[in-house]
Amino acid sequence: MKKYKIIANPKSGNETAIDKIAQIVEIMSENGCKIDLRLTGKSGDAAEFAKEDDGEEVIVSIGGDGTLNEVVNGMIDSGKEIPLAILSGGTVNDFVTAMEIPTEVEEFCNMLKAEKTKNIDVGVAGNRKFINVAAGGMMTDIAYSVSEEKKTIFGRAAYYVEALKEVVKLGDKKKKTYFKLKVESEEYSAEEDVLAFVCANSVSVGGFELAPKAAVDDGYIDVMIVKDLDLSELPTLIGNFTKGKHIEHEKVIYFQTKEVTLSTDADVIVDVDGERAQKLPLTFNILEKAIKLIIK
């Protein structure tokens with residue numbers, strides 16, 4: 001029987017991950033699988049567990065986007081080429097949504113048995129890898145600005161409340177919400193006043209299909225930039241987001257590239273898969289087919 005290393009964050013997703021961890025260990029044990037269970041206790045644990053070679057043949061990540069990001073970084077940094085499986089345990093797990101990976105434990109275990117895999121790309125932001133998205137500017141820091149306590153009590157609603165606070169800032173002329181961003185790539189180069197940018201590897205970002213042309217195995221990063229706008233322009237843009245037509249909006253720049261450099265004089269921190277990372281300037285590129293993902 002195969003040996004599985006399960007790297008799990010027991011505090012993620014309204015603490016429902018604890019139940020999922022217990023269920024998957026029980027089912028896999030009954031199926032005769034060898035299990036090496038590693039529970040994270042602090043930031044960085046998941047990456048270290050993924051780097052360690054304990055003879056595992058498959059790694060299973062259980063948690064949110066942040067846990068998954070650490071696992072991916074650990075695997076790539078240590079040169080591991082074994083399959084990765086992802087069981088969502090977080091409040092928000094955009095990548096699982098985009099890949100239509102089962103979230104119920106029994107169905108997930110059936111997926112593991114089938115052993116169907118897909119080689120997927122991984123994005124790079126400076127020295128940090130991302131499996132789903134790297135972003136900066138307005139609303140992109142919501143994932144780490146919402147406390148773990150609020151995430152546990154309110155779930156996804158906690159993110160929406162924080163987003164509403166950001167929207168209100170657009171109507172306050174005393175607060176500068178935009179920054180000047182220099183964009184340098186083969187496909188598009190310019191200097192723009194912008195509210196936010198997104199470098200996506202998959203379609204789903206923050207519960208929306210922000211990168212409708214993205215594919216996890218096409219060898220490209222999808223870049224979306226929202227230019228500075230007034231509060232009065234926001235309803236139309238949001239309406240376009242819900243319909244998937246936002247990339248046609250005059251205040252949205254959208255292109256696909258293998259590498260782009262973003263720089264600014266402003267203090268802009270980049271969010272990588274829901275976790276605070278480095279500040280701009282940064283170069284973003286793609287590692288083609290870097291992870292062997294177990295899929296349904």
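**A chat about Lys 5 and its surroundings**

Trainee: Hi! Let me start with one residue: where is Lys 5?

Mentor: Lys 5 lies in strand S1, which covers residues 3–8. Keep in mind that we are looking at a predicted model.

Trainee: Got it. Is Lys 5 buried or exposed?

Mentor: Lys 5 has a relative accessibility of 0%. Buried means under 20%, so Lys 5 counts as buried.

Trainee: And what is Lys 5 in contact with, leaving aside neighbours within four places in sequence?

Mentor: Its contacts include the acidic-named positions Asp 36, Asp 54, Glu 52 and Glu 56. Arg 38, Phe 49, Val 58, Ile 59, Val 60 and Lys 80 are on the list too.

Trainee: How far apart are Lys 5 and Val 60?

Mentor: In sequence they are 55 residues apart, and in space 6.1 Å, C-alpha to C-alpha.

Trainee: What else does Val 60 touch, again skipping neighbours within four places?

Mentor: Besides Lys 5, Val 60 is in contact with Tyr 4, Ile 6, Ile 7, Ile 24, Ala 85 and Phe 108.

Trainee: Which residues touch the most other members of the largest nonpolar core?

Mentor: Val 60 is one of them, along with Ile 24, Leu 84, Phe 95, Phe 108 and Leu 293; the core has 40 residues. Its largest share, five residues, comes from helix H5, residues 105–114. Another core lies apart from it, with 23 residues, including Val 260, Val 268, Val 272 and Ile 286.

Trainee: Let's stay with H5. How do H1 and H5 pack?

Mentor: Helix H1 spans residues 17–30, and it packs with H5 at an angle of about 45°, the axes being 10 Å apart. The two are therefore oblique to each other, and their crossing is right-handed.

Trainee: Which residues meet there?

Mentor: From H1 you have Lys 20, Gln 23, Ile 24, Ile 27 and Met 28. Facing them from H5 are Val 105, Glu 106, Phe 108, Cys 109 and Leu 112.

Trainee: Oh, a cysteine! How many disulfides does the structure hold?

Mentor: Zero. For Cys 109, the nearest cysteine sulfur is that of Cys 33, 7.9 Å away. A disulfide needs the two sulfur atoms within 2.5 Å, so Cys 109 is in no disulfide.

Trainee: Are Cys 109 and Cys 199 buried or exposed?

Mentor: Cys 109 counts as buried at 4% relative accessibility, and Cys 199 also counts as buried, at 0%.

Trainee: Changing topic: where is Ala 46, and what does it touch beyond four places in sequence?

Mentor: Ala 46 is in helix H2, residues 45–51. With a relative accessible area of 1%, Ala 46 is buried. Its contacts are Ile 7, Thr 40, Thr 67, Glu 70 and Val 71. Ala 46 and Ile 7 are 39 residues apart in sequence, yet 6.3 Å apart in space, C-alpha to C-alpha.

Trainee: And Asn 73, buried or exposed?

Mentor: Buried, at 7% relative accessibility. Asn 73 lies in helix H3, residues 65–77, and touches Arg 128 and Lys 129, not counting residues up to four places away.

Trainee: What should I know about the backbone?

Mentor: Most residues other than glycine have a negative phi, and most peptide bonds are trans. Glu 100, not a glycine, has a positive phi of about 55°. Glu 115 has a positive phi too, near 60°.

Trainee: Where are those two?

Mentor: Glu 100 is in the loop between helix H4, residues 94–99, and H5. Glu 115 is in the loop between H5 and strand S5, residues 117–125. Glu 100 is exposed, with a relative accessible area of 65%, whereas Glu 115 is partly exposed, at 43%.

Trainee: Which residues does a cis peptide bond join?

Mentor: Leu 280 and Pro 281, with omega about 10°. Pro 281 is in the loop between strand S14, residues 275–279, and strand S15, residues 282–294.

Trainee: Last one: how many helices and strands does the chain have?

Mentor: Nine helices and 15 strands. The chain has 296 residues, of which 51% count as buried. Among contacts between residues at least 6 apart in sequence, 73% join residues at least 24 apart.

Methods: Residues numbered from 1 in each chain as written. Predicted model: local features only at pLDDT ≥ 70, side-chain atom pairs only at ≥ 80, totals over all residues. Heavy atoms only, no water. Core = buried A, V, L, I, M, F, W, Y, C linked by side-chain atoms within 4.5 Å. Buried < 20%, exposed > 50% of the residue type's maximum accessible area, 1.4 Å probe, protein only. Helix = DSSP H or I, 4+ residues; strand = E, 2+ residues; numbered from the N terminus. Contact = heavy atoms within 4.5 Å. Axes fitted to C-alpha atoms, helices over the stretch in contact; angles between N-to-C directions. Parallel < 35°, antiparallel > 145°, perpendicular 65-115°, else oblique. Left-handed = near helix turned anticlockwise from the far one by under 90°.
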